[in-house]
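Let's take a walk through this one, starting with the cysteines and then moving on to the strands, the helices and the chain as a whole. Keep the viewer open as you read.

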Amino acid sequence: MEIKLRLGLLAALLLALAAAAAEAATTERWRHAYAAMMYMGTPRDYEFYVATRVMMRSLARLHVDADLVVIASVDVPVRWAQTLQEEDGVKVIRVENLKNPYENQQNFNTRFKLTLNKLYAWSLISYDRVVMLDSDNIFLQRTDELFQCGQFCAVFINPCIFHTGLFVLQPSMDVFKNMLHELETVRENPDGADQGFLASYFPDLLDRPMFHPPTNGTKLYGTYRLPLGYQMDASYYYLKLRWSIPCGPNSVITFPSAPWLKPWYWWSWPVLPLGLSWHERRRKNLGYGSELPILLIQAVMYIGIIAVTRLARPSLSKLCYNRRPEKIIAILHSTLKVAALWSIFAAYTVPFFLIPRTVHPLLGWPIYVLGVASLSSIVINVFLLPPLPVLTVLLGILGSLFVMAFPWYSDGVIRALVVFAYACSCAPIAWASLMKVTGSLQNLLEREAFFPRLGESPQLSEFNKLY
(Lines give C-alpha, C1' and ligand atoms only; values in the text may rest on other atoms or scores of the structure.)
Protein backbone atom coordinates (compact mmCIF):
# COMPACT_ATOMS: atom_id res chain seq x y z
CA MET A 1 0.00 0.00 0.00
CA GLU A 2 2.84 2.34 0.88
CA ILE A 3 4.49 1.72 -2.49
CA LYS A 4 1.25 2.46 -4.33
CA LEU A 5 0.78 5.72 -2.46
CA ARG A 6 4.33 6.84 -3.07
CA LEU A 7 4.21 6.01 -6.75
CA GLY A 8 0.85 7.75 -7.14
CA LEU A 9 2.28 10.93 -5.65
CA LEU A 10 5.37 10.64 -7.80
CA ALA A 11 3.27 10.26 -10.94
CA ALA A 12 1.34 13.41 -10.07
CA LEU A 13 4.55 15.29 -9.43
CA LEU A 14 6.02 14.16 -12.70
CA LEU A 15 2.95 15.22 -14.63
CA ALA A 16 3.37 18.69 -13.18
CA LEU A 17 7.05 18.71 -14.09
CA ALA A 18 6.28 17.54 -17.59
CA ALA A 19 3.67 20.26 -18.05
CA ALA A 20 6.14 22.91 -16.96
CA ALA A 21 8.74 21.52 -19.30
CA ALA A 22 6.28 21.48 -22.18
CA GLU A 23 5.44 25.14 -21.62
CA ALA A 24 9.11 26.01 -21.82
CA ALA A 25 9.68 23.89 -24.92
CA THR A 26 9.31 26.83 -27.28
CA THR A 27 12.32 28.50 -25.68
CA GLU A 28 14.51 25.41 -25.94
CA ARG A 29 17.50 25.76 -28.20
CA TRP A 30 17.70 22.05 -28.86
CA ARG A 31 15.21 19.23 -29.10
CA HIS A 32 17.80 16.70 -27.96
CA ALA A 33 19.58 16.14 -24.66
CA TYR A 34 22.44 14.24 -23.08
CA ALA A 35 21.24 13.34 -19.59
CA ALA A 36 22.79 11.86 -16.46
CA MET A 37 21.44 11.26 -12.99
CA MET A 38 22.68 12.14 -9.50
CA TYR A 39 21.46 10.89 -6.16
CA MET A 40 22.76 10.69 -2.60
CA GLY A 41 23.23 7.87 -0.14
CA THR A 42 26.49 6.14 -1.08
CA PRO A 43 30.06 6.64 0.24
CA ARG A 44 31.06 7.87 -3.22
CA ASP A 45 28.52 10.65 -3.81
CA TYR A 46 31.15 13.38 -4.20
CA GLU A 47 33.24 11.32 -6.61
CA PHE A 48 30.24 10.75 -8.88
CA TYR A 49 29.42 14.45 -8.68
CA VAL A 50 32.92 15.29 -9.93
CA ALA A 51 32.67 12.59 -12.61
CA THR A 52 29.35 13.99 -13.81
CA ARG A 53 30.82 17.49 -14.08
CA VAL A 54 33.81 16.22 -16.06
CA MET A 55 31.59 14.26 -18.47
CA MET A 56 29.24 17.19 -19.04
CA ARG A 57 32.10 19.62 -19.61
CA SER A 58 33.68 17.16 -22.03
CA LEU A 59 30.44 17.04 -24.02
CA ALA A 60 30.26 20.84 -24.05
CA ARG A 61 33.85 20.97 -25.29
CA LEU A 62 32.83 18.71 -28.19
CA HIS A 63 30.16 21.32 -29.13
CA VAL A 64 27.33 18.80 -29.15
CA ASP A 65 24.01 19.96 -30.62
CA ALA A 66 21.99 19.13 -27.52
CA ASP A 67 21.14 20.30 -24.04
CA LEU A 68 23.04 18.89 -21.09
CA VAL A 69 20.68 17.67 -18.36
CA VAL A 70 21.21 16.20 -14.89
CA ILE A 71 18.30 14.46 -13.21
CA ALA A 72 19.11 15.18 -9.55
CA SER A 73 17.25 13.84 -6.55
CA VAL A 74 15.93 16.44 -4.12
CA ASP A 75 18.57 15.55 -1.52
CA VAL A 76 21.48 16.49 -3.80
CA PRO A 77 23.16 19.54 -2.15
CA VAL A 78 21.90 22.86 -3.47
CA ARG A 79 25.44 24.15 -4.02
CA TRP A 80 26.19 21.16 -6.27
CA ALA A 81 23.12 21.87 -8.36
CA GLN A 82 24.00 25.57 -8.56
CA THR A 83 27.54 24.75 -9.66
CA LEU A 84 26.25 22.47 -12.40
CA GLN A 85 23.90 25.19 -13.64
CA GLU A 86 26.06 28.29 -13.30
CA GLU A 87 29.55 26.96 -14.05
CA ASP A 88 28.89 23.96 -16.30
CA GLY A 89 25.83 25.17 -18.22
CA VAL A 90 23.79 22.10 -17.23
CA LYS A 91 20.03 22.03 -16.76
CA VAL A 92 19.25 20.45 -13.39
CA ILE A 93 15.87 18.77 -12.97
CA ARG A 94 14.94 17.93 -9.37
CA VAL A 95 13.03 14.70 -8.72
CA GLU A 96 11.95 12.55 -5.80
CA ASN A 97 13.75 9.25 -5.38
CA LEU A 98 11.84 6.31 -6.82
CA LYS A 99 11.32 3.68 -4.15
CA ASN A 100 13.03 0.45 -5.13
CA PRO A 101 10.62 -2.48 -4.64
CA TYR A 102 13.46 -5.01 -5.03
CA GLU A 103 15.35 -4.08 -1.83
CA ASN A 104 14.53 -7.40 -0.16
CA GLN A 105 15.60 -9.43 -3.18
CA GLN A 106 18.23 -12.00 -2.22
CA ASN A 107 20.94 -10.85 -4.65
CA PHE A 108 20.21 -7.11 -4.23
CA ASN A 109 23.23 -4.81 -3.92
CA THR A 110 22.43 -1.75 -1.82
CA ARG A 111 24.58 0.53 -3.98
CA PHE A 112 21.96 0.11 -6.74
CA LYS A 113 19.09 1.16 -4.50
CA LEU A 114 18.39 4.47 -6.28
CA THR A 115 19.50 3.65 -9.81
CA LEU A 116 15.84 3.32 -10.84
CA ASN A 117 15.81 7.14 -10.87
CA LYS A 118 17.15 6.65 -14.38
CA LEU A 119 13.56 5.96 -15.46
CA TYR A 120 12.85 9.69 -15.10
CA ALA A 121 14.54 10.11 -18.48
CA TRP A 122 11.23 9.06 -20.10
CA SER A 123 9.54 12.05 -18.45
CA LEU A 124 11.72 14.59 -20.34
CA ILE A 125 9.01 15.06 -22.95
CA SER A 126 10.26 18.46 -24.08
CA TYR A 127 12.90 16.54 -26.05
CA ASP A 128 12.50 14.33 -29.11
CA ARG A 129 15.42 12.10 -28.16
CA VAL A 130 17.54 11.72 -25.02
CA VAL A 131 20.87 9.94 -24.64
CA MET A 132 20.92 8.68 -21.05
CA LEU A 133 24.39 8.28 -19.57
CA ASP A 134 26.25 6.94 -16.55
CA SER A 135 28.97 9.19 -15.18
CA ASP A 136 31.81 6.77 -15.97
CA ASN A 137 31.82 7.47 -19.71
CA ILE A 138 34.66 9.06 -21.68
CA PHE A 139 33.60 10.61 -25.00
CA LEU A 140 36.29 10.44 -27.65
CA GLN A 141 34.21 12.27 -30.27
CA ARG A 142 30.74 13.66 -30.90
CA THR A 143 27.92 11.14 -31.01
CA ASP A 144 25.03 13.38 -32.07
CA GLU A 145 24.02 10.82 -34.69
CA LEU A 146 22.55 8.83 -31.81
CA PHE A 147 19.61 11.25 -31.79
CA GLN A 148 18.53 9.66 -35.07
CA CYS A 149 17.89 6.34 -33.34
CA GLY A 150 14.46 5.04 -32.36
CA GLN A 151 12.32 4.72 -29.26
CA PHE A 152 14.98 2.68 -27.44
CA CYS A 153 18.52 1.77 -28.46
CA ALA A 154 21.32 0.23 -26.38
CA VAL A 155 24.66 -1.58 -26.67
CA PHE A 156 25.23 -5.25 -25.89
CA ILE A 157 28.52 -5.39 -23.97
CA ASN A 158 27.44 -8.70 -22.50
CA PRO A 159 26.56 -11.03 -25.39
CA CYS A 160 23.02 -11.47 -24.08
CA ILE A 161 22.28 -8.42 -21.90
CA PHE A 162 22.46 -4.82 -23.08
CA HIS A 163 24.30 -2.23 -21.00
CA THR A 164 22.47 0.76 -19.50
CA GLY A 165 25.54 2.99 -19.17
CA LEU A 166 24.44 4.63 -22.44
CA PHE A 167 21.13 4.24 -24.22
CA VAL A 168 18.91 6.32 -26.50
CA LEU A 169 15.22 6.82 -25.78
CA GLN A 170 12.25 8.78 -27.00
CA PRO A 171 10.61 10.41 -23.94
CA SER A 172 6.99 9.50 -23.39
CA MET A 173 4.77 10.03 -20.38
CA ASP A 174 2.75 6.96 -21.36
CA VAL A 175 5.85 4.80 -21.25
CA PHE A 176 7.00 6.44 -18.02
CA LYS A 177 3.67 5.83 -16.27
CA ASN A 178 3.66 2.25 -17.52
CA MET A 179 7.15 1.77 -16.05
CA LEU A 180 5.92 3.10 -12.70
CA HIS A 181 3.06 0.63 -12.89
CA GLU A 182 5.53 -2.19 -13.59
CA LEU A 183 7.48 -1.14 -10.49
CA GLU A 184 4.27 -1.15 -8.50
CA THR A 185 3.51 -4.70 -9.61
CA VAL A 186 7.18 -5.65 -8.99
CA ARG A 187 8.08 -6.74 -12.49
CA GLU A 188 10.77 -9.40 -12.68
CA ASN A 189 14.20 -7.83 -12.20
CA PRO A 190 17.31 -10.07 -12.06
CA ASP A 191 19.55 -7.61 -10.19
CA GLY A 192 17.08 -5.17 -8.61
CA ALA A 193 18.68 -2.21 -10.42
CA ASP A 194 18.00 -0.23 -13.58
CA GLN A 195 20.02 -2.73 -15.62
CA GLY A 196 17.77 -5.67 -14.78
CA PHE A 197 14.53 -3.69 -14.98
CA LEU A 198 15.21 -2.30 -18.46
CA ALA A 199 16.47 -5.64 -19.72
CA SER A 200 13.16 -7.13 -18.57
CA TYR A 201 11.13 -4.23 -20.01
CA PHE A 202 12.80 -4.51 -23.46
CA PRO A 203 13.32 -8.30 -23.67
CA ASP A 204 13.51 -8.54 -27.47
CA LEU A 205 16.22 -5.94 -28.12
CA LEU A 206 18.79 -8.62 -28.99
CA ASP A 207 16.68 -9.58 -32.00
CA ARG A 208 16.36 -6.04 -33.29
CA PRO A 209 18.43 -4.66 -36.23
CA MET A 210 21.69 -2.79 -35.78
CA PHE A 211 21.50 1.00 -35.79
CA HIS A 212 23.08 2.76 -38.77
CA PRO A 213 22.37 6.50 -38.87
CA PRO A 214 20.59 7.58 -42.06
CA THR A 215 22.79 9.81 -44.17
CA ASN A 216 19.94 12.30 -44.76
CA GLY A 217 19.63 13.02 -41.02
CA THR A 218 16.13 11.60 -40.57
CA LYS A 219 15.07 9.87 -37.34
CA LEU A 220 14.33 6.18 -37.09
CA TYR A 221 11.48 4.61 -35.14
CA GLY A 222 11.35 1.35 -33.25
CA THR A 223 14.08 -0.31 -31.18
CA TYR A 224 17.65 -0.93 -32.32
CA ARG A 225 20.91 -2.39 -31.11
CA LEU A 226 23.76 0.10 -30.99
CA PRO A 227 27.22 -0.84 -32.31
CA LEU A 228 29.76 -1.74 -29.64
CA GLY A 229 31.80 1.35 -30.46
CA TYR A 230 29.30 3.47 -28.50
CA GLN A 231 30.11 1.62 -25.26
CA MET A 232 33.64 0.29 -25.45
CA ASP A 233 34.28 -1.65 -22.25
CA ALA A 234 37.68 -0.61 -20.87
CA SER A 235 38.43 -4.31 -20.36
CA TYR A 236 38.80 -4.70 -24.13
CA TYR A 237 41.61 -2.17 -24.02
CA TYR A 238 43.44 -3.79 -21.11
CA LEU A 239 43.65 -7.09 -22.98
CA LYS A 240 45.69 -5.73 -25.90
CA LEU A 241 46.56 -2.21 -24.66
CA ARG A 242 44.90 -0.81 -27.74
CA TRP A 243 41.41 -0.66 -29.23
CA SER A 244 40.46 -3.32 -31.73
CA ILE A 245 36.70 -2.87 -32.13
CA PRO A 246 35.84 -2.90 -35.85
CA CYS A 247 32.05 -2.53 -35.53
CA GLY A 248 30.83 1.04 -35.35
CA PRO A 249 32.61 4.28 -34.45
CA ASN A 250 34.99 4.11 -31.50
CA SER A 251 33.27 6.95 -29.70
CA VAL A 252 32.64 6.21 -26.00
CA ILE A 253 34.63 4.34 -23.34
CA THR A 254 32.82 2.96 -20.31
CA PHE A 255 34.12 1.47 -17.05
CA PRO A 256 31.61 -1.10 -15.75
CA SER A 257 34.08 -2.35 -13.15
CA ALA A 258 34.17 -2.59 -9.37
CA PRO A 259 33.33 0.74 -7.67
CA TRP A 260 36.85 1.24 -6.34
CA LEU A 261 38.38 0.85 -9.81
CA LYS A 262 36.59 3.75 -11.47
CA PRO A 263 38.91 5.93 -13.57
CA TRP A 264 38.64 9.07 -11.43
CA TYR A 265 40.39 7.57 -8.39
CA TRP A 266 44.05 8.60 -8.14
CA TRP A 267 45.21 5.03 -7.60
CA SER A 268 43.56 3.91 -10.85
CA TRP A 269 46.75 4.71 -12.79
CA PRO A 270 48.97 2.91 -13.58
CA VAL A 271 46.94 0.00 -12.20
CA LEU A 272 44.39 0.69 -14.97
CA PRO A 273 46.10 2.62 -17.79
CA LEU A 274 42.96 4.37 -19.07
CA GLY A 275 42.59 6.19 -15.75
CA LEU A 276 45.09 8.73 -17.05
CA SER A 277 42.83 9.42 -20.04
CA TRP A 278 39.97 10.37 -17.72
CA HIS A 279 42.20 12.61 -15.63
CA GLU A 280 43.54 14.29 -18.74
CA ARG A 281 39.97 15.24 -19.62
CA ARG A 282 39.38 16.52 -16.11
CA ARG A 283 42.56 18.59 -16.29
CA LYS A 284 41.40 20.22 -19.52
CA ASN A 285 37.78 20.73 -18.53
CA LEU A 286 37.56 21.14 -14.76
CA GLY A 287 41.01 21.33 -13.20
CA TYR A 288 42.01 20.38 -9.66
CA GLY A 289 41.54 23.66 -7.81
CA SER A 290 39.46 22.08 -5.03
CA GLU A 291 42.08 19.44 -4.17
CA LEU A 292 45.38 21.33 -4.61
CA PRO A 293 45.21 23.25 -1.26
CA ILE A 294 44.66 19.97 0.60
CA LEU A 295 47.60 18.36 -1.17
CA LEU A 296 49.81 21.36 -0.40
CA ILE A 297 48.92 21.21 3.29
CA GLN A 298 49.65 17.50 3.40
CA ALA A 299 53.00 17.92 1.65
CA VAL A 300 54.10 20.64 4.08
CA MET A 301 52.95 18.52 7.03
CA TYR A 302 54.85 15.46 5.84
CA ILE A 303 58.04 17.42 5.15
CA GLY A 304 57.73 18.96 8.61
CA ILE A 305 57.39 15.50 10.19
CA ILE A 306 60.53 14.28 8.45
CA ALA A 307 62.46 17.37 9.56
CA VAL A 308 61.32 17.08 13.19
CA THR A 309 62.10 13.36 13.44
CA ARG A 310 65.56 13.92 11.99
CA LEU A 311 66.30 16.67 14.50
CA ALA A 312 64.60 15.34 17.62
CA ARG A 313 65.20 11.61 17.08
CA PRO A 314 62.70 10.51 19.76
CA SER A 315 63.28 7.08 21.29
CA LEU A 316 61.25 4.85 23.52
CA SER A 317 64.46 3.95 25.33
CA LYS A 318 64.33 7.31 27.08
CA LEU A 319 60.83 6.60 28.30
CA CYS A 320 61.33 3.07 29.57
CA TYR A 321 63.67 3.47 32.52
CA ASN A 322 61.66 2.04 35.37
CA ARG A 323 61.68 -0.56 38.07
CA ARG A 324 58.79 -2.78 37.08
CA PRO A 325 58.41 -6.37 38.27
CA GLU A 326 59.99 -8.85 35.84
CA LYS A 327 56.66 -10.57 35.12
CA ILE A 328 55.36 -7.32 33.63
CA ILE A 329 58.40 -6.93 31.38
CA ALA A 330 57.41 -9.88 29.17
CA ILE A 331 53.97 -8.36 28.65
CA LEU A 332 55.54 -5.02 27.77
CA HIS A 333 57.90 -6.70 25.31
CA SER A 334 54.96 -8.31 23.48
CA THR A 335 52.96 -5.09 23.59
CA LEU A 336 55.81 -3.08 22.08
CA LYS A 337 56.30 -5.62 19.30
CA VAL A 338 52.64 -5.43 18.35
CA ALA A 339 52.68 -1.64 18.62
CA ALA A 340 55.71 -1.42 16.34
CA LEU A 341 54.21 -3.68 13.66
CA TRP A 342 50.85 -1.88 13.76
CA SER A 343 52.64 1.46 13.55
CA ILE A 344 54.39 0.34 10.38
CA PHE A 345 51.05 -0.82 8.96
CA ALA A 346 49.48 2.55 9.86
CA ALA A 347 52.37 4.41 8.21
CA TYR A 348 51.47 2.71 4.92
CA THR A 349 47.69 3.01 5.15
CA VAL A 350 46.93 6.38 6.78
CA PRO A 351 48.36 8.54 3.91
CA PHE A 352 46.28 6.54 1.41
CA PHE A 353 43.00 7.58 3.04
CA LEU A 354 44.02 11.22 3.56
CA ILE A 355 44.57 11.97 -0.12
CA PRO A 356 41.50 13.37 -1.98
CA ARG A 357 40.21 10.46 -4.03
CA THR A 358 39.68 12.29 -7.31
CA VAL A 359 43.05 14.02 -7.50
CA HIS A 360 45.34 13.42 -10.49
CA PRO A 361 47.42 10.22 -10.16
CA LEU A 362 50.65 12.12 -10.85
CA LEU A 363 49.84 14.20 -7.75
CA GLY A 364 48.29 11.49 -5.61
CA TRP A 365 51.08 8.93 -5.83
CA PRO A 366 53.95 11.32 -4.90
CA ILE A 367 51.96 12.58 -1.90
CA TYR A 368 51.31 8.99 -0.85
CA VAL A 369 55.02 8.12 -1.08
CA LEU A 370 55.96 11.26 0.86
CA GLY A 371 53.33 10.46 3.50
CA VAL A 372 54.56 6.89 3.97
CA ALA A 373 58.17 8.08 4.21
CA SER A 374 57.31 10.69 6.84
CA LEU A 375 55.20 8.42 9.05
CA SER A 376 57.74 5.62 8.67
CA SER A 377 60.44 8.01 9.90
CA ILE A 378 58.49 8.37 13.14
CA VAL A 379 58.28 4.59 13.55
CA ILE A 380 61.97 4.15 12.73
CA ASN A 381 63.09 6.71 15.29
CA VAL A 382 60.65 5.79 18.05
CA PHE A 383 61.35 2.06 17.91
CA LEU A 384 65.00 2.41 16.78
CA LEU A 385 64.40 0.22 13.74
CA PRO A 386 66.71 -0.09 10.70
CA PRO A 387 65.36 2.26 7.99
CA LEU A 388 65.86 0.05 4.91
CA PRO A 389 63.74 -2.94 6.03
CA VAL A 390 60.92 -0.63 7.14
CA LEU A 391 60.95 1.15 3.78
CA THR A 392 61.38 -1.99 1.66
CA VAL A 393 57.64 -2.24 0.98
CA LEU A 394 57.56 1.39 -0.13
CA LEU A 395 60.44 0.74 -2.52
CA GLY A 396 58.56 -2.30 -3.77
CA ILE A 397 55.44 -0.18 -4.40
CA LEU A 398 57.51 2.36 -6.35
CA GLY A 399 59.01 -0.46 -8.39
CA SER A 400 55.58 -1.91 -9.15
CA LEU A 401 54.36 1.49 -10.35
CA PHE A 402 57.28 1.73 -12.77
CA VAL A 403 56.67 -1.83 -13.97
CA MET A 404 52.95 -1.18 -14.58
CA ALA A 405 53.58 2.19 -16.24
CA PHE A 406 56.19 0.79 -18.64
CA PRO A 407 54.92 1.99 -22.03
CA TRP A 408 56.25 -0.68 -24.40
CA TYR A 409 54.31 -3.83 -23.53
CA SER A 410 53.05 -5.64 -26.60
CA ASP A 411 49.73 -6.50 -24.97
CA GLY A 412 47.94 -6.66 -21.64
CA VAL A 413 48.75 -10.34 -21.07
CA ILE A 414 52.49 -9.65 -21.20
CA ARG A 415 51.99 -6.72 -18.87
CA ALA A 416 50.11 -8.88 -16.36
CA LEU A 417 52.78 -11.60 -16.51
CA VAL A 418 55.57 -9.07 -15.91
CA VAL A 419 53.73 -7.58 -12.94
CA PHE A 420 53.17 -11.09 -11.54
CA ALA A 421 56.85 -11.98 -11.99
CA TYR A 422 57.87 -8.75 -10.28
CA ALA A 423 55.56 -9.50 -7.33
CA CYS A 424 56.98 -13.02 -6.99
CA SER A 425 60.55 -11.74 -7.04
CA CYS A 426 59.78 -9.09 -4.42
CA ALA A 427 57.95 -11.43 -2.03
CA PRO A 428 61.12 -13.05 -0.55
CA ILE A 429 62.71 -9.62 -0.08
CA ALA A 430 59.61 -8.31 1.69
CA TRP A 431 59.57 -11.38 3.96
CA ALA A 432 63.30 -11.00 4.77
CA SER A 433 62.69 -7.34 5.61
CA LEU A 434 59.87 -8.27 7.96
CA MET A 435 62.12 -10.77 9.71
CA LYS A 436 64.83 -8.11 9.95
CA VAL A 437 62.40 -5.67 11.55
CA THR A 438 61.14 -8.21 14.09
CA GLY A 439 64.69 -9.33 14.84
CA SER A 440 65.88 -5.78 15.38
CA LEU A 441 62.90 -5.09 17.60
CA GLN A 442 63.63 -8.20 19.68
CA ASN A 443 67.28 -7.24 20.10
CA LEU A 444 66.31 -3.74 21.12
CA LEU A 445 63.79 -4.93 23.69
CA GLU A 446 66.37 -7.25 25.24
CA ARG A 447 68.75 -4.39 25.97
CA GLU A 448 69.25 -3.70 29.67
CA ALA A 449 68.74 -0.01 28.95
CA PHE A 450 65.10 -0.57 28.03
CA PHE A 451 63.87 -2.49 31.07
CA PRO A 452 66.49 -2.62 33.88
CA ARG A 453 66.16 -5.40 36.38
CA LEU A 454 64.60 -4.62 39.71
CA GLY A 455 67.19 -3.19 42.11
CA GLU A 456 69.70 -2.28 39.40
CA SER A 457 70.49 1.24 38.42
CA PRO A 458 70.00 1.92 34.72
CA GLN A 459 73.13 2.68 32.73
CA LEU A 460 73.09 4.36 29.38
CA SER A 461 74.55 2.23 26.62
CA GLU A 462 76.79 3.77 24.01
CA PHE A 463 73.89 3.39 21.60
CA ASN A 464 71.58 5.54 23.69
CA LYS A 465 74.23 8.12 24.50
CA LEU A 466 74.00 9.19 20.88
CA TYR A 467 70.50 10.47 21.61
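## Cysteines

C160 counts as exposed, because its relative accessibility is 58%. Keep in mind that this is a predicted model. C424 is partly exposed, with a relative accessible area of 40%. What keeps C424 from bonding to the closest cysteine sulfur? The distance does: that sulfur belongs to C426 and sits 9.5 Å from the sulfur of C424, which is too far for a bond.

So how many disulfides does the structure hold? There is one, and it links C149 with C153, with an S to S distance of 1.9 Å. The torsion about the S-S bond of C149 and C153 comes out at about -105 degrees, so this disulfide is left-handed. As for its two ends, C149 is buried at a relative accessible area of 0%, and C153 is buried too, with 0% relative accessibility.

## Strands β1 and β2

Have a look at β1, which covers residues 32-38. Seven of its seven residues are buried, so β1 is largely enclosed by the rest of the structure. Side chains in a regular strand alternate between the two faces of the sheet. In β1, H32, Y34, A36 and M38 are on one side, A33, A35 and M37 are on the other, and all of these are buried, leaving both faces covered.

β2 (residues 67-73) tells a similar story: seven of seven residues are buried, so β2 is largely enclosed by the rest of the structure as well. D67, V69, I71 and S73 point one way from β2, while L68, V70 and A72 point the other way, and all are buried.

Which strands does β1 pair with? β2 is one of them, with six bridges in the parallel sense; here A35 has V69 as its bridge partner in β2. β4 (residues 129-133) is another, running parallel to β1 and joined to it by five bridges. In that pairing, Y34 stands opposite V131 of β4.

## A three-stranded open sheet

Elsewhere, three strands make up an open sheet with mixed pairing, in the order β5-β10-β9. β5 (137-139) and β9 (232-233) stand at the edges with a single partner strand each, so one side of each has no neighbour in the sheet.

Strands of a sheet pair through backbone hydrogen bonds, and they can do so in a parallel or an antiparallel way. Which sense applies to β9 and β10? The two pair in the parallel sense over two bridges, with β10 covering residues 252-254. If you want a spot to look at, M232 has I253 in β10 as its bridge partner.

## Transmembrane annotation and S376

An unreviewed UniProt entry lists residues 292-309, 330-353, 365-384, 391-410 and 416-434 under "transmembrane region". How do two of these spans look in the model? Residues 365-384 are 95% helix and 0% strand, with end C-alpha atoms 27 Å apart. Residues 416-434 are 100% helix and 0% strand, and here the end C-alpha atoms lie 26 Å apart.

For a close-up, try S376, which lies in helix α11 (residues 361-383). Is S376 buried or exposed? It is buried, because its relative accessible area is 1%. Its side chain reaches the backbone oxygen of V372 at 2.7 Å. Leaving aside residues up to four places away in sequence, S376 touches A347, Y348, V390 and L391.

## The chain as a whole

Stepping back, the secondary structure of the chain adds up to 14 helices and 10 strands. The chain has 467 residues, and 48% of them count as buried. About 22600 Å² of the chain is exposed, with carbon and sulfur atoms supplying 63% of that area.

How are the contacts spread along the sequence? Taking those between residues at least 6 apart in sequence, 71% join residues at least 24 apart. The β1 and β2 pairing is one place to see how strands from separate stretches meet, with residues 32-38 alongside β2 through six parallel bridges.

Technical notes:
Residues are numbered from 1 along each chain as its sequence is written. This is a predicted model: local features need pLDDT of at least 70, side-chain atom pairs count only at pLDDT 80 or more; totals for chains, interfaces and linings use all residues. Side-chain values use heavy atoms; hydrogens and water are left out. UniProt positions are given in the numbering used here, feature names are shortened, and annotations may be inferred rather than shown by experiment. Helices (H or I, at least four residues) and strands (E, at least two) are DSSP runs, numbered from the N terminus. A disulfide is a pair of cysteine sulfur atoms within 2.5 Å. Buried means under 20% relative accessible area, exposed over 50%, partly exposed in between (1.4 Å probe, protein chains only). Contact means heavy atoms within 4.5 Å. Accessible areas come from the Shrake-Rupley method with a 1.4 Å probe; for residues, only the protein chains shown count as cover. Two strands pair if DSSP finds at least two bridges between them. A polar contact is a pair of N or O atoms within 3.5 Å; within protein, one must be able to donate a hydrogen and the other to accept it, and residues adjacent in sequence count only if both atoms are side-chain atoms.
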